[in-house]
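Please open the structure in your viewer and keep the sequence panel beside it, as this tour moves from one selection to the next. At each stop you will be told what to select and what is there.

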Amino acid sequence: MLDLNDIALFVQVVRNGSFAEAARQLGVPPNTLSRRIQQLEAQLGTRLLQRSTRKLTLTHAGLAFHERCAAAVEGLTEAGQELMTGSQEPSGLVRVAAPADFFDFFQMEWVAEFLAARPRVRLDFVLSDAKADLIAERIDVAFRGGPLQDSGYVGRQLLAASSDCMVSSPTYLAARGAPGALQDLANHDCVAFSHASGYATWRLLNHDGIGEEVQVAARFSGNTAQALRRAAVAGLGIALLPHAIVRQDLQTGLLVPVLPQYQRKGYGMHVLYPSRRHLPLAVSAFIDLVAEKLNAAFPVGEAGRSSG
């Protein structure tokens with residue numbers, strides 16, 4: 001029979017990303033911890049962890065075993081904490097991975113409201129457009145724009161897909177003229193997500209739902225949607241951006257539509273987490289906050305963020 005203590009130690013090692021850190025958290029020697037995991041692997045007849053001097057990674061078997069076991073271990077731990085505290089109050093550190101421009105559309109006041117209502121919770125944000133390794137980086141929950149890829153994590157769509165539209169500043173169009181057809185964009189300055197070639201291919205749908213594409217020259221490029229929005233407002237060219245991001249600029253006239261008969265399908269936002277069931281209360285509470293605030297701020301059909 002498997003030793004439940006060894007399974008709990010395995011989950012702790014994965015969560016901390018190293019034997020040394022897990023040993024420090026548990027107050028046991030690292031070599032003792034390593035020996036217990038080796039015993040567990042021997043009982044299972046398979047390797048769970050790939051060890052190196054720089055990084056500890058899960059094997060395919062280890063990933064599957066962790067997904068099945070982590071929820072139970074965390075549930076038992078949480079149950080013990082609730083018995084000790086006599087409450088269902090969320091607590092602990094929540095590490096959040098999110099796009100680099102997350103706080104351009106998620107208000108810091110919402111975070112302050114969340115923390116004020118949950119004094120025993122701490123939040124640690126890792127902001128980057130790179131895809132985080134939730135296990136290796138000890139991430140509890142990740143928010144990602146763009147299509148949801150098969151990563152081995154648990155994921156669900158958090159916000160409805162948006163439509164991306166082409167926009168520009170009135171000053172740019174006054175100086176360069178408005179394109180009359182999609183292929184005219186090849187003769188215009190555009191702002192687009194970074195690409196080594198300096199060009200981007202925009203794939204769009206016309207009113208009839210027929211797909212067309214055009215290659216544009218990126219006079220200005222960047223790796224966040226907000227950077228491209230600011231460049232478009234400054235008159236640096238034509239941008240293809242989620243309607244939710246440029247909605248206010250269109251209302252105030254800082255930006256105007258370009259070839260509005262063309263749009264690009266967006267992908268909304270997804271939430272990812274390592275374990276399928278029994279999320280810690282603090283994690284599930286923060287996911288609920290993000291879903292509530294963003295769905296209220298961006299109605300269905302407007303929410304989301306394009307990956308470009």
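## The whole chain

The protein chain holds 10 helices and 14 strands, and the model you are looking at is a predicted one. If you colour the chain by burial, buried residues make up 44% of its 308 residues. Of the contacts in the chain with a separation of 6 or more, 74% are accounted for by residues 24 or more positions apart.

## The largest nonpolar core

Select Phe-10, Val-13, Phe-19, Leu-33, Ile-37, Leu-49 and Phe-65, which are the residues with the most contacts inside the largest nonpolar core, a set of 28 residues. At least two residues of this core come from each of α1 (4–16), α2 (19–26), α3 (30–44), β2 (56–58) and α4 (60–85), and the largest share, six residues, is supplied by α1. In soluble globular proteins, nonpolar side chains tend to be buried together.

Now centre the view on Val-13 and show what surrounds it: leaving aside its neighbours within four places in sequence, Val-13 is in contact with Ser-18, Phe-19, Ala-22, Leu-33, Ile-37, Leu-49 and Leu-56. Apart from the largest core lies another core, of 26 residues, and you can find this second one by selecting Phe-143, Ala-282, Leu-289 and Leu-294, which are among its members.

## Where α1 meets α3

Return to α1 and show it together with α3; the two helices pack at an angle of about 115°, with their axes 9 Å apart, and their crossing is left-handed. To see the contact itself, select Asn-5, Asp-6, Ile-7, Leu-9, Phe-10 and Val-13 on α1, and Leu-33, Arg-36, Ile-37, Gln-39, Leu-40 and Gln-43 on α3.

Within this contact, pause at Asp-6, which lies in helix α1. Is Asp-6 buried or exposed? Asp-6 counts as buried because its relative accessibility is 3%, which falls under the 20% limit. Leaving aside the neighbours within four places in sequence, the residues in contact with Asp-6 are Arg-36, Ile-37, Gln-39, Leu-40 and Gln-43.

## Salt bridges

Next, display the charged side chains, since the structure holds 10 salt bridges. Side chains of opposite charge can pair when their charged atoms come close.

Begin with Asp-140 and Arg-15, whose side chains meet in a salt bridge at 2.8 Å, N to O. This pair links distant parts of the chain, with Asp-140 in the loop between β4 (121–127) and β5 (141–145) and Arg-15 in helix α1, 125 residues apart. Asp-140 counts as buried at 6% relative accessibility, whereas Arg-15, at 37%, counts as partly exposed.

Move on to Asp-164 and Arg-264, which form a salt bridge through their side chains at 3.1 Å, N to O. Here strand β7 (residues 163–168) carries Asp-164 and strand β13 (residues 264–265) carries Arg-264, so that the pair links parts of the chain 100 residues apart. Asp-164 is buried, with a relative accessible area of 0%, and Arg-264 counts as buried as well, at 15% relative accessibility.

Then select Glu-213 and Arg-203, where the side chains meet in a salt bridge at 3.3 Å, N to O. Glu-213 sits in strand β10 (residues 211–222) and Arg-203 in strand β9 (residues 199–205), 10 residues apart. Glu-213 is partly exposed, with a relative accessible area of 46%, while Arg-203 is exposed, with 52%. Salt bridges that share partners also join Arg-176, Asp-189 and Arg-219 into one network.

## Cysteines and two backbone angles

How many disulfides does the structure hold? A search returns zero disulfides. Two cysteines to select are Cys-69, which is buried with a relative accessible area of 12%, and Cys-165, which counts as buried at 12% relative accessibility.

For the last stop, look at the backbone of Arg-138, which has a positive phi of about 55° although it is not a glycine. Arg-138 is found in the loop between β4 and β5, and is partly exposed, with a relative accessible area of 36%. Leu-259, likewise a residue other than glycine, has a positive phi near 45°. Leu-259 lies in the loop between β12 (256–257) and β13, and is buried, with a relative accessible area of 7%.

Conventions: Residues numbered from 1 in each chain as written. Predicted model: local features only at pLDDT ≥ 70, side-chain atom pairs only at ≥ 80, totals over all residues. Heavy atoms only, no water. Core = buried A, V, L, I, M, F, W, Y, C linked by side-chain atoms within 4.5 Å. Buried < 20%, exposed > 50% of the residue type's maximum accessible area, 1.4 Å probe, protein only. Helix = DSSP H or I, 4+ residues; strand = E, 2+ residues; numbered from the N terminus. Contact = heavy atoms within 4.5 Å. Salt bridge = Lys/Arg side-chain N within 4 Å of Asp/Glu carboxyl O. Disulfide = S-S within 2.5 Å. Axes fitted to C-alpha atoms, helices over the stretch in contact; angles between N-to-C directions. Left-handed = near helix turned anticlockwise from the far one by under 90°.
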